[in-house]
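Thank you for making the time this morning. I would like to take you through one model, slowly, and I will leave the display up while I talk.

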Amino acid sequence: AITAGSKVVTPGGDPVSRNRPALLVLDVEGGANDVPGEDEIIELPVILLDGVTGIERARFHRFIRPTSWDSLLKGLPKDSPKLNKGARTVSFAKAVQHLEEWMTKEGVNVADTSGYLFVTCGNWDIGTIIPKQCKKSKIALPAFWGSFSNIKTVFNLQYNKKASGMKDMLRSLRMPLKGVHHLGMDDTANLAGIVRKMLSDGGSFEATGGAAARKQQPRPAASEGAARGAPPQGGVRRLYSSP
């Protein structure tokens with residue numbers, strides 16, 4: 001992976017950027033197979049970007065221990081060879097707690113959802129697997145995941161393309177794939193690069209859907225010039241819909 005650290009850049013980044021809208025690029029891994037352990041999230045990577053410039057401010061990463069593992073390992077003696085004492089995995093509930101703490105430390109006012117927006121490659125991450133994992137982990141869906149922006153929807157509107165995924169978007173922008181595809185932080189870093197390019201080309205991001213909200217697609221601009229113009233507050237434009 002390119003990195004799994006949370007301090008890739010100076011903590012907090014540019015002091016000015018802490019007062020601007022924030023974009024949080026997220027690409028979870030795991031949960032795609034209907035098999036115990038494989039039906040759960042195993043990696044939670046997030047990259048925090050300045051919502052105006054796309055400059056990276058910080059990274060967050062946790063490897064997740066599936067709930068089924070806890071059930072399988074329950075009752076084993078502490079010296080069992082089946083237990084990896086050096087493992088750095090945490091429960092999903094703990095990872096979510098750490099994510100919220102990290103967001104706050106990096107200057108994101110978690111309570112003010114108008115000041116930040118999660119960006120994903122598709123609707124599945126926040127629209128499907130995260131709510132499913134919250135239910136499995138017996139925690140409430142955090143309010144900060146109430147809405148999100150599907151980068152594919154925004155990308156295809158901005159460039160008049162029909163990109164189906166991250167690789168398509170990279171090819172269209174003539175950007176190389178960095179790292180290894182399907183490693184969480186590598187994919188998240190590549191998506192962050194796409195976001196940065198979109199912002200530099202005059203694009204903007206808005207909520208296209210949400211796990212706890214009606215999905216609303218970005219509105220086509222009245223003119224080509226308006227489509228490429230940045231919104232008054234920078235690269236983040238809010239169109240949240242009510243539940």
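I will begin with the overall layout, then turn to a strand end and its surroundings, and finish with helix packing and two loop residues.

What you have in front of you is a predicted model, and please keep that in mind throughout. The secondary structure of the protein amounts to seven helices and six strands, and, read from the N terminus, the elements follow the order β-β-β-β-α-α-β-α-β-α-α-α-α. Of the 243 residues in the protein, 47% are buried. If we take the contacts between residues at least 6 apart in sequence, 71% of them join residues that are at least 24 apart.

Let me start with strand S1, which covers residues 22–26 and contains Leu 23. Leu 23 has a relative accessibility of 0%, and therefore counts as buried. Between the C-alpha atoms of Leu 23 and Val 108, which are 85 residues apart along the chain, the separation is 10.0 Å.

Now to strand S5, residues 116–120, where we find Thr 120. Is Thr 120 buried or exposed? With a relative accessibility of 0%, Thr 120 counts as buried. Leaving aside residues up to four places away in sequence, Thr 120 touches Leu 26, Asp 125, Ile 126, Phe 148, Ser 149, Asn 150 and Ile 151. The side chain of Thr 120 also reaches the backbone oxygen of Gly 122, at 2.6 Å. For a sense of the wider surroundings, Thr 120 and Thr 188 are 68 residues apart in sequence, and their C-alpha atoms are 8.7 Å apart in space.

One of the residues that Thr 120 touches is Asn 150, and Asn 150 deserves some attention of its own. Asn 150 lies in strand S6, and because its relative accessibility is 5%, Asn 150 counts as buried. Which residues does Asn 150 touch, not counting those up to four places away in sequence? They are Thr 120, Cys 121, Gly 122, Asn 123 and Thr 208. Looking at the polar contacts, the side chain of Asn 150 reaches the backbone nitrogen of Gly 122 at 3.0 Å, and the side chains of Asn 150 and Asn 123 are joined by a polar contact of 3.3 Å. In addition, at the start of H4, a side-chain oxygen of Asn 150 comes to within 3.0 Å of the backbone nitrogen of Lys 152.

That brings us to helix H4 itself, residues 151–159, whose buried residues are Ile 151, Val 154, Phe 155, Asn 156, Gln 158 and Tyr 159. After H4 comes Asn 160, with a positive phi near 55 degrees.

Next, the helix packing. The axes of H4 and H5 come within 11 Å and cross at roughly 30 degrees, which means that H4 is roughly parallel to H5. The crossing of H4 and H5 is left-handed. On the H4 side, the contact is made by Ile 151, Lys 152, Phe 155 and Tyr 159, and on the H5 side by Met 169, Ser 172 and Leu 173. By type, the residues of the contact of H4 with H5 are five nonpolar, one polar and one charged.

Helix H5, residues 166–173, also packs with helix H6, residues 184–200, at an angle of about 45 degrees and with the axes 11 Å apart. H5 and H6 are therefore oblique to each other, and their crossing is left-handed. In this contact, Met 166, Met 169, Leu 170 and Leu 173 of H5 meet Asp 187, Asn 190, Leu 191, Ile 194 and Lys 197 of H6. The residues of the contact of H5 with H6 comprise six nonpolar, one polar and two charged.

Last, two loop residues. As background, most residues other than glycine have a negative phi. Arg 174, in the loop between H5 and H6, has a positive phi of about 55 degrees although it is not a glycine. Since its relative accessibility is 79%, Arg 174 counts as exposed. Lys 138, which is not a glycine either, has a positive phi of about 60 degrees, and is found in the loop between helix H3 (124–136) and strand S6 (148–150). Its relative accessibility is 77%, and so Lys 138 counts as exposed.

Terms used. Residues are numbered from 1 along each chain as its sequence is written. This is a predicted model: local features need pLDDT of at least 70, side-chain atom pairs count only at pLDDT 80 or more; totals for chains, interfaces and linings use all residues. Side-chain values use heavy atoms; hydrogens and water are left out. Buried means under 20% relative accessible area, exposed over 50%, partly exposed in between (1.4 Å probe, protein chains only). Helices (H or I, at least four residues) and strands (E, at least two) are DSSP runs, numbered from the N terminus. A polar contact is a pair of N or O atoms within 3.5 Å; within protein, one must be able to donate a hydrogen and the other to accept it, and residues adjacent in sequence count only if both atoms are side-chain atoms. Axes are lines fitted to C-alpha atoms, for helices over the stretch in contact, and angles run from 0 to 180 degrees between N-to-C directions. Angles under 35 degrees count as roughly parallel, over 145 as roughly antiparallel, 65 to 115 as roughly perpendicular and the rest as oblique. A crossing is left-handed if the near helix is turned anticlockwise from the far one by less than a right angle, and right-handed if clockwise. Contact means heavy atoms within 4.5 Å. Ala, Val, Leu, Ile, Met, Phe, Trp, Tyr, Cys and Pro count as nonpolar, Asp, Glu, Lys and Arg as charged, and the others, Gly among them, as polar.
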